[in-house]
Amino acid sequence: MSAFVCQENVGFLFSHACGGDAALACMRCAKPLCAAHLRSVGGESLCAQCAREHGDSTEEQHAADEDDPSYYYNDYGYYGAASAGSSWGRGSSHDTNDFTEADGESLRREDDASFEEDMGGS
Amino acid sequence: MVGRWLIYALGGGMGHLTRASALARAASQRGHGVVLLINTPFAPGLPLEDVLGSRVEVLRLSPALGREGVGQVVARCLKDLRPDLFVVDTFPRGLGGELVPLLPKMRARKVLVHRDVNPAYVKKFGLARAVDAFDLLLVPGEDAPFASHPRAVRTAPWLLLRAGELLSREAARARLNVRPGDARPLVAVMGCGTSEEVAEAGDIAARLEAALGSRARVRWLMPPGADADSAGLPEASLASRAVVWPALAVLPGVDVLVGAGGYNTVQEARATGTPFVALARPRLYDRQAVRLRPEELAGSVEALVARAAQLASGRPVRGPCLYLSGTEDAVTLIERTVLSA
Ligand SMILES: [Zn+2]
Ligand SMILES: [Zn+2]
């Protein structure tokens, strides 16, 4: 079983994946991250990109909202919040795979992923 | 019409194996002969034959087998077994892409078990084309990229046990070494995923024991075989260890389940209405952060322990137990596909 590696981009001149041992995934985009690259933002543990997007989307929100548990989850979602939860009874699933900025993020790191190479993948 | 089924469930962890076992069990109970192909490192320790029954034959490939070796074994299996039906879990091209040249040559009907997968993999390996090789796409219990494919059918999540096979609350607590009359809430930390994650579950259980003291009982669940290497474990975690598989059977006795966002843990917790909190573990194909609902997802071990301790300290309230498994429906759908050939 190979240890999973952090896929956060690092380096100023030549961007490359960090490669540190990853234990957790970004709570929004599922990117594997090492402890050094997990950012805690408003109760969520996020990658740099998602933390930036969180900052953009919550700038105008009141801090008082933090007492409300739903505050943390208002903008939760990856390919739309529709994918959070069991939805076998629902109709279309198109939303969950529309191309989004997060897709661009995935593609930038696709060279690092060992799809069809790692026979212990799951 | 009774058929010969080959179920391809290669992949690490317990997920592919468990989901495929649920189907294999239901199929064999309808009289089909089933061969289950697996390569997870957890396989050797699990009493699969006991749970699956004598009509399911389990082929355990070595987890050490690389891409080429897997390709050779799979080709050989298909040639030797000549199944009427070939069921592939999750990977329409095969784990190493080995199915691509084999599928068009097969006379068997082909069924893909289609769950959520990493969109980068979907795009990079042209899965839209790969899924077209299948006669039926079964989508069990969660959204998936090709859930709207004309040959895709959704079912309820697949669960390994029937509702009547779960232990009663009392029996489950006894199985987890809780004394009769001890009414304290029971927190179970699920050890699965990788061997590192099983060990980390022990650490989380120890932290929960420290946080909860005598207010609750804590158990570290692990599948048989994963308990071999217990050297260097803290005393506390050894005391709370419970070797159990399938863990689904004991969930009626668990008041708070702590785990990760793999398919089976999540579906089992929801189906049994067990209060649940989990970490999103990094995976190559699976997106646990997407599967978990916001209220289930903890962003760090600290947050996980805090949330679980909080749930256990209040009177944990079980959700509605809407125990519904799609395996029977899946077998029916597959049988229809074979008949329509
Ligand atoms: Zn992210
Ligand atoms: Zn990193």
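**Notebook: Leu33(A), two zinc sites, and a helix on a sheet**

I started at Leu33(A) and listed its contacts, setting aside neighbours within four places in sequence: Cys6(A), Glu8(A), Asp21(A), Ala22(A), Ala23(A), Leu24(A), Cys26(A), Leu38(A), Leu46(A) and Cys47(A). I note that the model is a predicted one. Leu33(A) sits in strand 4 of chain A. I looked up its relative accessibility, found 1%, and so entered Leu33(A) as buried, the cut-off being under 20%. I also took the C-alpha to C-alpha distance from Leu33(A) to Ala23(A): 6.7 Å, for a separation of 10 residues in sequence.

Next I looked at chain A as a whole. I counted 2 helices and 6 strands, and their order along the sequence is β-β-β-β-β-β-α-α. Chain A has 122 residues, of which 43% are buried. I then took the contacts in chain A between residues at least 6 apart in sequence; 33% of these join residues at least 24 apart.

The contact list of Leu33(A) includes Cys6(A), Cys26(A) and Cys47(A), and I followed these to the metal sites.

Which residues coordinate the zinc ion (ligand 2)? I found Cys6(A), Cys18(A) and Cys34(A), each through SG, and His37(A) through ND1, at 2.0 to 2.4 Å. The angles among the 4 donor atoms run from 100 to 114°, and I recorded the site of ligand 2 as tetrahedral. Along the chain the donors of this zinc ion follow the spacing C-x11-C-x15-C-x2-H. I placed Cys6(A) in the segment before strand 1 (9–10) of chain A and Cys34(A) in the loop between strand 4 (32–33) and strand 5 (39–41), so this pair ties together parts 28 residues apart in sequence. Cys6(A) and Cys34(A) are both buried.

The zinc ion (ligand 1) has four SG donors, from Cys26(A), Cys29(A), Cys47(A) and Cys50(A), at 2.2 to 2.4 Å. I read angles of 105 to 117° for the 4 donor atoms, so I entered the arrangement around ligand 1 as tetrahedral. The sequence spacing of its donor residues is C-x2-C-x17-C-x2-C. Cys29(A) lies in the loop between strand 3 (24–25) and strand 4 of chain A, and Cys47(A) in the loop between strand 6 (44–46) and helix 1 (48–58); the pair links distant parts of the chain, 18 residues apart. I checked burial for these two. Cys29(A) is buried at 7% relative accessibility, and Cys47(A) is buried at 0% relative accessible area.

I then moved to chain B and its open sheet of 6 strands, which has the order 10-9-8-11-12-13 with parallel pairing. Strand 10 (241–243) and strand 13 are the edge strands, each pairing on one side only. I found 3 bridges between strand 8 and strand 11 of chain B, which run parallel. Val187(B) stands opposite Val256(B) of strand 11.

My last entry is helix 11 of chain B, residues 301–313. This helix of 13 residues reaches 18 Å from its first C-alpha to its last, close to the 18 Å expected at 1.5 Å a residue. Where do its buried residues point, seen down the axis of helix 11? I listed the buried residues as Val301(B), Leu304(B), Val305(B), Ala308(B), Ala309(B) and Ala312(B). They fall within an arc of 125° and therefore line one face of the helix. In general, residues three or four places apart point the same way because an α-helix has 3.6 residues a turn. I found the buried residues of helix 11 packed against strand 8 (186–190), helix 7 (195–212), strand 11 (256–260), strand 12 (276–279) and strand 13 (297–298) of chain B.

Note on methods:
Residues numbered from 1 in each chain as written. Chains lettered and ligands numbered in written order. Predicted model: local features only at pLDDT ≥ 70, side-chain atom pairs only at ≥ 80, totals over all residues. Heavy atoms only, no water. Helix = DSSP H or I, 4+ residues; strand = E, 2+ residues; numbered from the N terminus. Expected span 1.5 Å × (residues − 1). Buried < 20%, exposed > 50% of the residue type's maximum accessible area, 1.4 Å probe, protein only. Arc of directions from axis to C-beta. Contact = heavy atoms within 4.5 Å. Donors = N, O, S within 2.8 Å, 3.2 Å for Na, K, Ca; no water. Tetrahedral: all angles 85-135°; square planar, octahedral: opposite > 155°, others 65-115°. Pairing = 2+ DSSP bridges.
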